[in-house]
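Here is a short tour of one protein chain, written to be read alongside the model. Take a moment to look at the sequence and the fold before reading on.

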Amino acid sequence: MRTAYREHLEAFNRDLLQMCDTVREVMQLASTALLEQSLEDAEHALNASDPLKELKLRCEERSMSLLALENPVAGDLRQVLSSIYIVENFSRMGAMAKHIAKLARLRHPFPVLPNTEHAPIAEMAARVDEMVNITHDLLLDPDADVAVELNAIDEGVDDLHDYLNAITTSDSWEHSAREAVDVALVSRYYERYADRCVNVAGRVVFLVTGLNPKEYMKQRDEDAFDRHSKLAAIERRFRAKK
């Protein structure tokens with residue numbers, strides 16, 4: 001019975017990895033479509049997103065089966081519950097990427113972005129790609145310390161989002177209202193995509209430690225402080241003997 005359960009859980013994990021790889025591919029294609037005015041890449045992005053609905057449904061069915069029929073123990077239960085939330089986050093990430101691809105297709109053959117805002121958006125695209133790559137690695141090798149580090153990359157995405165909002169709403173904006181709206185939308189899609197990566201990382205932290213990220217970071221800092229204090233006490237004791 002436990003062998004069958006583990007096989008179902010491993011199949012669930014493979015589906016999660018496939019979802020992660022798919023949303024990364026869709027966003028990469030959507031970003032290329034956006035930044036290079038490529039209608040072909042926009043269509044490829046939308047086609048590449050097709051498996052996500054089936055993967056989501058399959059994962060939901062697996063999770064219900066595992067919870068209802070297999071009676072998982074504490075560690076396995078954390079894994080199933082975490083995976084349920086991860087599936088939903090990947091689904092939303094796919095939706096954000098599709099929005100970008102659809103906007104690129106809608107504006108083709110004209111660019112979505114003014115030349116002045118091309119570089120900040122390109123940086124956002126690179127940052128979210130780095131985040132989803134790390135997310136993929138976390139699914140293969142869950143590590144709470146690596147997971148919480150995604151917050152630092154996410155803060156960079158948030159800063160770019162705030163910068164673009166400030167630019168598009170300032171009196172010095174030189175482009176059309178339509179372009180301002182498009183830049184704001186694209187920036188928001190990348191920002192939300194990054195937030196979903198952070199959510200997945202948070203579930204990894206819970207899976208590994210049983211704590212939410214804030215609790216884990218507080219405990220980690222307290223443990224590090226205690227260790228530093230112990231080492232300092234040992235150093236003082238030996239110095240006193242000299």
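## Overall fold

In this predicted model, 82% of the contacts with a separation of 6 or more are between residues 24 or more positions apart. The chain has eight helices and zero strands, so it is no surprise from the definition of these elements that its pattern reads α-α-α-α-α-α-α-α along the sequence. Of the 242 residues, 43% are buried.

## The nonpolar core

The largest nonpolar core contains 66 residues, and those with the most contacts inside it are Leu 34, Phe 90, Ile 121, Met 131, Tyr 190 and Tyr 193. At least two residues of this core come from each of α1 (2-36), α2 (39-48), α3 (51-69), α4, α5, α6 (144-168) and α7 (177-209).

Phe 90 is a good residue to click on. Leaving aside residues up to four places away in sequence, Phe 90 touches Leu 16, Met 19, Cys 20, Val 23, Thr 135, Leu 139 and Val 200. Two of these partners, Thr 135 and Leu 139, are among the buried residues of α5.

## Helices α5 and α6

α5 has 23 residues and spans 34 Å from its first C-alpha to its last, close to the expected 33 Å. Its buried residues include Pro 120, Ile 121, Met 124, Met 131 and His 136.

α6 has 25 residues and spans 37 Å between its end C-alpha atoms, close to the expected 36 Å. Among the buried residues here are Ala 144, Ile 153, Asp 154, Gly 156, His 161 and Leu 164. At the N-terminal end, Asp 143 acts as a cap, with a side-chain oxygen 2.9 Å from the backbone nitrogen of Asp 145.

## Salt bridges

The structure holds 12 salt bridges. In one of them, the side chains of Arg 105 and Glu 43 meet at 3.5 Å, N to O. Because Arg 105 lies in α4 and Glu 43 in α2, this pair ties together parts that are 62 residues apart in sequence. Arg 105 is partly exposed at 35% relative accessibility, and Glu 43 is partly exposed at 30%.

Asp 145 and Arg 220 form another salt bridge, at 2.9 Å from N to O. This one links distant parts of the chain, with Asp 145 in α6 and Arg 220 in α8 (residues 213-241), 75 residues apart. Elsewhere, salt bridges with shared partners join Asp 15, Glu 54, Arg 58 and Arg 62 into one network. Within that network, Glu 54 and Arg 58 have their closest N and O atoms 3.7 Å apart; being four residues apart in α3, they are separated by about one helical turn.

## A buried charge without a partner

Which side chain of opposite charge is nearest to Glu 117? It is Arg 178, 12 Å away, and Glu 117 is buried with no salt bridge. Glu 117 sits in the loop between α4 (74-107) and α5 (118-140). Not counting residues up to four places away in sequence, Glu 117 touches Leu 164, Ile 167, Trp 173 and Val 183.

## Backbone details in the loops

The loop between α4 and α5 also holds Pro 109, which is joined to His 108 by a cis peptide bond with omega of about 10°. In the loop between α1 and α2 you will find Gln 37. Its phi is near 50°, a positive value in a residue other than glycine, and Gln 37 counts as partly exposed at 32% relative accessibility.

Note on methods: Residues are numbered from 1 along each chain as its sequence is written. This is a predicted model: local features need pLDDT of at least 70, side-chain atom pairs count only at pLDDT 80 or more; totals for chains, interfaces and linings use all residues. Side-chain values use heavy atoms; hydrogens and water are left out. Buried means under 20% relative accessible area, exposed over 50%, partly exposed in between (1.4 Å probe, protein chains only). Lys and Arg count as positive and Asp and Glu as negative; His and the chain ends are not counted. A salt bridge is a side-chain nitrogen of Lys or Arg within 4 Å of a carboxyl oxygen of Asp or Glu. Contact means heavy atoms within 4.5 Å. A nonpolar core is a set of buried Ala, Val, Leu, Ile, Met, Phe, Trp, Tyr and Cys residues joined through side-chain atoms within 4.5 Å. The expected span of a helix is 1.5 Å times one less than its number of residues. A polar contact is a pair of N or O atoms within 3.5 Å; within protein, one must be able to donate a hydrogen and the other to accept it, and residues adjacent in sequence count only if both atoms are side-chain atoms.
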